[in-house]
Amino acid sequence: MSASGRTGTERRVTVIGAGPRGLSAVERLAARSAASGTRVRIDVVDPFPPGPGHVWRTNQSPLYLMNTPSEFPTVVPDDGVLPVDPLGPLRGMSFERWRLAAVACEISVDPDDAAQLTRMTPQSYPSRRMYGVYLDWVFRTLRDALPASVELTVHRAEAVGVHVREEARHRYDVEISGGQNLPADAVVLALGHLDADLRPDQKELVDGAAEFGLTYWPPAVPADVHWDELPAGRTVLVRGLGLNFCDVLAQVTEGRGGIFVPEGERLRYHPSGREPNVVAGSRRGVPYRAKGEFAAGGPSALESRFFTLERARDLAPADARELSFDADLWPLIRKDALWNYYTVLARTAPDAFESDPRQFLRDLDAVLVSGDDHPEGPWSSRAERLIATAVVPGRNLNAVRLARPFEGVSFDSHDAYAAAVVHHLDRDVHGALAGEDDPLRMAVASLNASRTVLKAVLADIGIDDASWTVELRRRFEPFVEGVVSGPPLLRIQQLAALARAGIVRFLGPDPQFLVDQELGCFVGTSPWVQDEPVHADHLVEAMSPPNDVRRNISPLLTAMHREGLVRVRSLSTADGVATVPSTGLDVSGPPYRAVRVDDDVEPGVFVLGLQLSAVQWGVAIAAEGGAPAELGARTLADADRVAEEVLRPGGSAA
């Protein structure tokens, strides 16, 4: 008999993962239960606190910053975005609305947190800890506002298995650490970031470290690492110049008492004397580009003329042919980036043109609105010829230099390369501060806007497998991540200051990290910097474990695969003869149910978030407050579809 007193009228759902995706799943189940009256018992399983989960937990250093301004992230849909609005106390509570409510004393937060929130603006980058405080508030508020139709239980444990019980009252039996088993009619996998096996070259570094008594730190969530164990004054090799690299620097500089002092657009660093000597390298040789400084809501002058959701939907073939990223989508993305770059260049630097910039824009517009069936050739060739004759050399938009500014350039020494990098960082800072008056920053903003549309197109329409593997993931993704997903401007200012202070040096592009068997130490080199190799006893991987289910070491997914409940999605190669494994689980269409090893769809196992990387793109990007369901609020829409299916009469959990 169910808690309602009538057999079969109550659903039992286990949500595995209590971070933002799991929180949204619980919020949607509660909202839909309140609206429909369907009773549901929800078990949430995660060893980390519900709401913040692993990445956003509130006991981490405040020096770790989000990569998203305060005005954007949310785990709660705005009114009218989804068919069912949130419960009363949560309505409209994006992070920014929560911040303003805390500042206005409409909700209670810790006094120190309130002071920090008061100093922030919509364009500020919150600490990851502060976002965790918001997530914790959402969970506690949701728990306190649950309708009588919802029963919620949190299990601070790890899920280690899901078993099908064909003859039992509830189809699933979720096994958690400690020996407890949870019956469930439906299971929601909202697993988030998972630990992963190391690559072969990383395993060699582990072996070398063990052999010679060296220190090697593999990829990890930054808050899990004890940065105080890196010795002061010693050389530390760091692989990676992305967002985790910013976290490393924050902990070994400000975290050790160093001070940054503003000097115009630059910062000056005053060391504490307890810093290590950091020597870092990455494939690009430089960090991601800084986020631009824009007014609330983003750049107002940005135009998305060509790559829109409506235009992309018009491209969807009526026959069996699938879209190609390079042939169908990239040209539209590129057109928008070109238009936004040159319209700003014409406005801010008319001397960058050989003749009247207004005429150039008219000519460029005529080329961009045309197609490839022109007597003078494809639009891209005609655009290149126009730009080559009308724009002063060196002022054109160069995609290669945008992502890899030192591509093909050699340097005689580490000092020469460091000087070039610092100059690049200073220019990046200047452009970021210029905001809408910087042509390059507006091209990047255009790519960022296109990325939002692209996520929707890939999820709703899709592209062929070979295009997904090679054109999107292997070529476009590294390019766009390097120019769009950069850190807050402050981080680039800090890095330039640390380089000027001699705390940070750079290996160069395409670095190699090896163990020197003769010297018994790590060695770092770059083929583009002609100088002595850098030797060190410490090597840090400044990156998180990869989001790749082929390499994860999750006991849960391993057990579920062994029992045939999940499998890795395979993608066809260009010739259609073979397949290659993707990085995500194989799932049905929305709501995303797991596909079993035997090709059947498992009716009550749903997947949310990072493990959808075989059918969605940009799965780590948070939901955006105020965004439509099919665009920035897609992660919330995914959770809502799961809740709708689980609770509907005759649904998979019935």
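The exercises below, each with a worked solution, concern a predicted model.

**Exercise 1. The open sheet**

Determine the strand order of the 6-stranded open sheet, and state which strands stand at its edges.

Solution.
- Step 1. The order of the strands is 4-2-1-8-22-21, with mixed pairing.
- Step 2. Strand 4 (150–155) and strand 21 (593–595) each have a single partner strand, so both stand at the edges, and one side of each has no neighbour in the sheet.
- Step 3. From one strand to the next, the twist averages 30°.

**Exercise 2. Strand 8 and the pairings around it**

Describe how strand 1, strand 2, strand 8 and strand 22 are joined, and give the bridge partners of Ile-16.

Solution.
- Step 1. Strand 1 (residues 10–16) pairs with strand 2 (residues 39–45) through 7 bridges, in the parallel sense.
- Step 2. Strand 1 also runs parallel to strand 8, with 4 bridges between them.
- Step 3. Ile-16 has Val-45 opposite in strand 2, and Leu-189 is the bridge partner of Ile-16 in strand 8.
- Step 4. Strand 8 is further joined to strand 22 (residues 601–607) by 3 bridges, and this pair is parallel. Val-187 is found opposite Val-605 of strand 22.
- Step 5. Within strand 8 (residues 186–189), Ala-186 and Val-188 point one way, while Val-187 and Leu-189 point the other way. All of these residues are buried.

**Exercise 3. A hairpin**

Characterise the pairing of strand 11 with strand 12 and the turn between them.

Solution.
- Step 1. Strand 11 (residues 259–263) and strand 12 (residues 266–270) are antiparallel and share 5 bridges.
- Step 2. One bridge pairs Pro-262 with Leu-267 of strand 12.
- Step 3. The two strands form a hairpin with 2 residues between them. Gly-264, in the turn, has a positive phi of about 70°.

**Exercise 4. Helix 8 against helix 14**

Classify the relative orientation of helix 8 and helix 14, then list the residues that meet and their classes.

Solution.
- Step 1. The axes of helix 8 (residues 325–348) and helix 14 (residues 465–484) cross at roughly 25° and come within 11 Å.
- Step 2. Angles under 35 degrees count as roughly parallel, and helix 8 and helix 14 are therefore roughly parallel to each other.
- Step 3. Helix 8 contributes Phe-325, Asp-326, Trp-330 and Ile-333 to the contact. These meet Ser-467, Glu-471, Leu-472, Arg-475, Phe-476 and Phe-479 of helix 14.
- Step 4. By class, the contact has 6 nonpolar, 1 polar and 3 charged residues.

**Exercise 5. Ile-461**

Is Ile-461 buried, exposed or partly exposed, and which residues does Ile-461 touch?

Solution.
- Step 1. Ile-461 belongs to the loop between helix 13 (439–460) and helix 14.
- Step 2. Buried means under 20% and exposed over 50% relative accessible area. Ile-461 has 30% relative accessibility and so counts as partly exposed.
- Step 3. Leaving aside residues up to four places away in sequence, Ile-461 touches Ala-312, Arg-313, Ala-316, Leu-323 and Ala-456.
- Step 4. Leu-323 is 138 residues from Ile-461 along the chain, and their C-alpha atoms are separated by 8.1 Å.

**Exercise 6. Helix 17**

Compare the span of helix 17 with the expected span, and find how many residues of helix 17 are buried.

Solution.
- Step 1. Helix 17 (residues 634–647) has 14 residues and reaches 20 Å from its first C-alpha to its last.
- Step 2. That span is close to the 20 Å expected at 1.5 Å a residue.
- Step 3. Of the 14 residues, 12 are buried, and helix 17 is mostly covered.
- Step 4. The buried residues include charged side chains, among them Arg-634, Asp-638, Asp-640 and Glu-645.

How values were computed. Residues numbered from 1 in each chain as written. Predicted model: local features only at pLDDT ≥ 70, side-chain atom pairs only at ≥ 80, totals over all residues. Heavy atoms only, no water. Axes fitted to C-alpha atoms, helices over the stretch in contact; angles between N-to-C directions. Parallel < 35°, antiparallel > 145°, perpendicular 65-115°, else oblique. Contact = heavy atoms within 4.5 Å. Expected span 1.5 Å × (residues − 1). Buried < 20%, exposed > 50% of the residue type's maximum accessible area, 1.4 Å probe, protein only. Pairing = 2+ DSSP bridges.
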